[in-house]
Amino acid sequence: MNVRDRLTGRAGIAGDAALGVAFAGLLALVADRIAGTWGGGYWQFGCAAGAVVCGLAVARRGSRLWTAVAGLSVASAAVLVSAFADLPAEPGPAMAFALAVLVGSAVAELPALAAGVVAAGGLVVAAASLLTAGSRVTVDGLLAAASSMEIPPVTMLNLAGWLAAVAAGLRSRLLAARRRTMTEDVRRHERLQLARELHDVVAHHVTGIVLQAQAAQVLARKQPDRLNDSLSGIETAGSDALAATRRLVGLLRDGAQPTVHRDTVTDLVERFDGPEVRLSLPDGEDEQGWPPEVASTVYRVVQESLTNVSRHAPDARSVRVTVAREAAAVTVEVTDDAPRVPPRHHRRGGYGLVGMRERLEALGGTLKAGPRPGSGWSVHATLPLPARERR
């Protein structure tokens, strides 16, 4: 679970706790009002039924469909009992609020068909409140009142709650669809970028094969005893070319054009217009000597991390970029010392991280990003090296 998921989970728990408190207060308030106007124990049934529906609303995250169906079923039963037993109108304010939460949650999260069924059920329950709208009258009188042009307050309350729930659910649903579309666009863009680099990877390895083949021809004429070493080098270079191509060719898309990345991480850091950057690279190694897919991915991770510092950490005083090469992988870590901000202001988990993660996972790597203990933000990427490059 990443940082954003943890923050979202905590916010959801706090929200449900606040919702439970609000339900309890509303149930108590309505029960007090009914006891004061109706007298006796008329408040007990409505309070019990309302408490059940409110409990289902608080527990909706377990199963949004079944909690909504159960809540609508309890509300329907409460309407019928109230109509025939001459009890206060149902669904009451607390139950109407809980039904709005259940319907809105279902519309926002469930598949279209299930969401539509729940929304229709909520509308039926809201309209059925007409049966109980006329307090202390017979069922015939209630139906007569329902056939008039006047809409009773309890029905207005339930219809307004239903409409607000559907509107809020649809808005959340549309925003989620928009986020999914943007995420897929970012992933597709990153795959296209990788596909463009396929040309460079193949050209890099094939050029080496051609040069070694030419050298082998010379050795065959002048030093035949060294020919086996040259042929072995050609075989190794060919294997590397196939391995690198397999890692990228699956991401190829129509219309991708080759592009060449000639800048290095050092060039990128020198051009960075922001806090001071301290760069640490593997000792005695030239970035331009790395396999093309590795060099371009390291460059991309550092580039996106520095961009996030510029956009989201204006108060950072320094940035540390560390690129380390181990036996089987290259690791990249970018950290800053920006002051900690409240969780609601964390904005660095955007679409740039989606693109970085897509690239790294396509090459067998991993990405971790989140706030550092105390202050600042950290991005840590691991990228496995091709077999020939490991040492």
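## A buried aspartate in H1

With a relative accessible area of 12%, aspartate 16 is buried. This acidic residue belongs to helix H1. Looking past residues up to four places away in sequence, we find that aspartate 16 touches Val58, Arg60 and Arg61. As you explore, please keep in mind that this is a predicted model.

## The chain as a whole

Let's step back for a moment. The protein chain holds eleven helices and five strands. Of its 391 residues, 40% are buried. How much of the contact total comes from residues 24 or more positions apart? Such residues account for 73% of the contacts in the protein chain with a separation of 6 or more.

## Two aromatic pairs

Searching the whole structure turns up two aromatic pairs. In one of them, the ring centres of phenylalanine 23 and phenylalanine 97 are 5.1 Å apart and the ring planes meet at 65°, so this pair is edge-to-face. Phenylalanine 23 sits in helix H1 (residues 3-37), while phenylalanine 97 sits in helix H4 (residues 93-109), so the pair ties together parts that are 74 residues apart in sequence. Are these two rings buried or exposed? Phenylalanine 23 counts as buried because its relative accessibility is 2%, whereas phenylalanine 97, at 36%, counts as partly exposed.

Tryptophan 38 and tyrosine 42 also form an aromatic pair, and this one is tilted, with 5.1 Å from centre to centre and 55° between the planes. Tryptophan 38 is buried, at a relative accessible area of 17%. Its partner, tyrosine 42, is partly exposed, at 27%.

## Helix H5 and its two faces

Helix H5 covers residues 112-128, which makes 17 residues. From its first C-alpha to its last, H5 reaches 24 Å, close to the 24 Å expected at 1.5 Å a residue. Which residues of H5 are buried? They are Ala114, Ala115, Val118, Ala119, Gly122, Val125 and Ala126. These buried residues lie on the same side of H5 because they cover an arc of only 135° around the axis. On the face turned away from that buried side, H5 carries the exposed residues Ala112, Leu113, Val117 and Val124.

Valine 118 is a good residue to click on in this helix. It lies in H5 and counts as buried, since its relative accessibility is 2%. Apart from neighbours within four places in sequence, valine 118 is in contact with Leu65, Ala68, Leu72, Val103, Ala106 and Leu110. Take Ala106 from that list: valine 118 and alanine 106 are twelve residues apart in sequence, and their C-alpha atoms are 6.9 Å apart in space.

## How the strands pair

Now for the strands. Strand E1 (residues 276-280) pairs with strand E2 (residues 318-325) in the parallel sense, over five bridges. Within this part of the model, glutamate 276 stands opposite serine 318 in E2.

How do E2 and strand E3 run, parallel or antiparallel? E2 and E3 (residues 329-336) run antiparallel and are joined by seven bridges. The two strands form a hairpin, with three residues between them. Across the pair, valine 323 stands opposite valine 332 in E3.

## Two nonpolar cores

The largest nonpolar core has 33 residues, and those with the most contacts inside it are Val298, Leu306, Val321 and Val332. The elements that each give two or more residues to this core are helix H9 (265-271), helix H10 (292-312), E2, E3, helix H11 (351-362), strand E4 (366-371) and strand E5 (377-384). Which element gives the largest share? H10 does, with seven residues.

Valine 298 shows some of this packing up close. Setting aside neighbours within four places in sequence, valine 298 is in contact with Val265, Trp290, Val323, Val330 and Val332. The valines at 323 and 332 in that list are the ones that stand opposite each other in the hairpin strands. There is also a second, separate core of 30 residues, which includes Leu27, Ala100, Leu102 and Leu110. Leu110 has appeared already, among the contacts of valine 118.

Key: Residues are numbered from 1 along each chain as its sequence is written. This is a predicted model: local features need pLDDT of at least 70, side-chain atom pairs count only at pLDDT 80 or more; totals for chains, interfaces and linings use all residues. Side-chain values use heavy atoms; hydrogens and water are left out. Helices (H or I, at least four residues) and strands (E, at least two) are DSSP runs, numbered from the N terminus. The expected span of a helix is 1.5 Å times one less than its number of residues. Buried means under 20% relative accessible area, exposed over 50%, partly exposed in between (1.4 Å probe, protein chains only). The arc is that of the directions from the helix axis to the C-beta atoms. Rings of Phe, Tyr and Trp (its six-membered ring) pair if their centres lie within 6.5 Å; planes under 30 degrees apart count as stacked, over 60 as edge-to-face and the rest as tilted. Contact means heavy atoms within 4.5 Å. Two strands pair if DSSP finds at least two bridges between them. A nonpolar core is a set of buried Ala, Val, Leu, Ile, Met, Phe, Trp, Tyr and Cys residues joined through side-chain atoms within 4.5 Å.
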